[in-house]
Amino acid sequence: MPNETKPLTLPQLLEKDAVKKRFVEILDKNATGFIQSLLTIYNSNDALKKCDAKSILAAAGLAATLNLSISPSLGHAYIVPYGGKAQFQIGWKGLVQLAHRTGKYIALHSGVVYEGQIRDINCETGELILGEKISNEIVGYVAHMKLNNGFEKSLYMTREEMEEHAMKFSQTYQSDKSRKWSTWAKFFDKMACKTVLKLLLSRWGVLSSDLATAIQADQSEITKTTFSYIDNDGKIVERDSIF
């Protein structure tokens, strides 16, 4: 029986001249710092060490191409282990960064909504009719944008609607019956604020190529030809090559 070649680890891949050259092409003088950040994240995450190294490299490559930090403390983009593969995940701060780079947005916001703060929604215009906070209970999530041509739009989702969204698009959340260990369960409000902002931008925003790519790639395993949503019924869509 022939000897099987053991897959390269991420540190071994990052020692390859072609990989180093690609990061330099994308990031220039910032390539070394980005690679060090990637190695720090890798070495501090046992679950990520068990992931296919090429999937980690592909997720990092996309973040680099979008010029987004992968440092968890900045919240721009994340490399998340799931099922032996690494997912690219955009953070809400990353969405804001990419949106502002278009030069089309005057204001952009997302946040939680407390009981009483939204009384109703104008069914014709979609305008939110505001009220006053009456308790500390979080009842929903809102995102708002204003373009420099004067166009404004808000999107509001109730907590129940966000729960349905998480159940529909995350198999991990579906399987977390105790609502204790999945990303959605541990960081529900943060995930919800990002989600409502992403939906607002994808439906009504002005999308640059980078912003559209980030939205499409969110929570996917990246290959040379596809985005594979391994936490969403394995849905696959075609894409342009980055790494």
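1. Salt bridges first: this is a predicted model, and the salt-bridge count comes to 7. Asp189 and Arg159 make up one of the pairs, with their closest N and O atoms 3.3 Å apart. Asp189 sits in helix α10 and Arg159 in helix α7, so this contact ties together parts of the chain that are 30 residues apart in sequence. On the accessibility side, Asp189 has a relative accessible area of 28%, which puts it in the partly exposed class. Arg159 comes out as partly exposed too, at 31%.

2. Lys194 and Asp218 are another pair to look at, since here the closest N and O atoms are 2.9 Å apart. Lys194 belongs to helix α10, while Asp218 is in the loop between α11 and β8 (221-222), so the bridge joins parts 24 residues apart in sequence. Are these two charged residues buried or exposed? Both Lys194 and Asp218 are buried.

3. Asp218 has a second partner: a salt bridge to Lys198, with 2.7 Å between the closest N and O atoms. Lys198 is in helix α10 and Asp218 in the α11-β8 loop, so this pair links parts that are 20 residues apart in sequence. Lys198 is buried, as is Asp218. Put together, Lys194, Lys198 and Asp218 form a network of salt bridges. If you are setting up charges, this is the trio to find in the viewer: two lysines and one aspartate in a linked network.

4. Now the cysteines. How many disulfides does the structure hold? The number is 0. Cys123 is exposed, because its relative accessibility is 81%. Cys193, by contrast, counts as buried because its value is 11%.

5. His165 is worth a look as well. This histidine is found in helix α7, which covers residues 159-169. Why does His165 count as buried? Its relative accessibility is 18%, and the cut-off for buried is under 20%. Setting aside neighbours within four places in sequence, the contacts of His165 are with Met157, Trp184, Thr195 and Leu199. Helix α7 also holds Arg159, the partner of Asp189 from the opening point.

6. Helix α6 runs over residues 92-101, and its buried residues are Gly94, Leu95, Val96, Leu98 and Ala99. What covers them? The cover includes the strands β2 (85-90) and β3 (105-114), along with the helices α10 (188-204) and α11 (209-217). Helix α10 is thus part of this cover, and it also carries Lys194 and Lys198. Just after α6 comes Gly103, with a positive phi of about 75°.

7. Last, the sheet. Three strands, in the order β3-β6-β7, make an open sheet with antiparallel pairing. Its edges are β3 and β7 (152-158), each of which pairs on one side only. From one strand to the next, the twist averages 10°. Strand β6 spans residues 138-147, and 7 bridges join it to β7, with the two running antiparallel. For a landmark in the β7 pairing, use Ala143, which stands opposite Leu155. The edge strand β3 is also part of what covers the buried residues of α6.

How values were computed: Residues numbered from 1 in each chain as written. Predicted model: local features only at pLDDT ≥ 70, side-chain atom pairs only at ≥ 80, totals over all residues. Heavy atoms only, no water. Buried < 20%, exposed > 50% of the residue type's maximum accessible area, 1.4 Å probe, protein only. Helix = DSSP H or I, 4+ residues; strand = E, 2+ residues; numbered from the N terminus. Contact = heavy atoms within 4.5 Å. Salt bridge = Lys/Arg side-chain N within 4 Å of Asp/Glu carboxyl O. Disulfide = S-S within 2.5 Å. Pairing = 2+ DSSP bridges. Axes fitted to C-alpha atoms, helices over the stretch in contact; angles between N-to-C directions.
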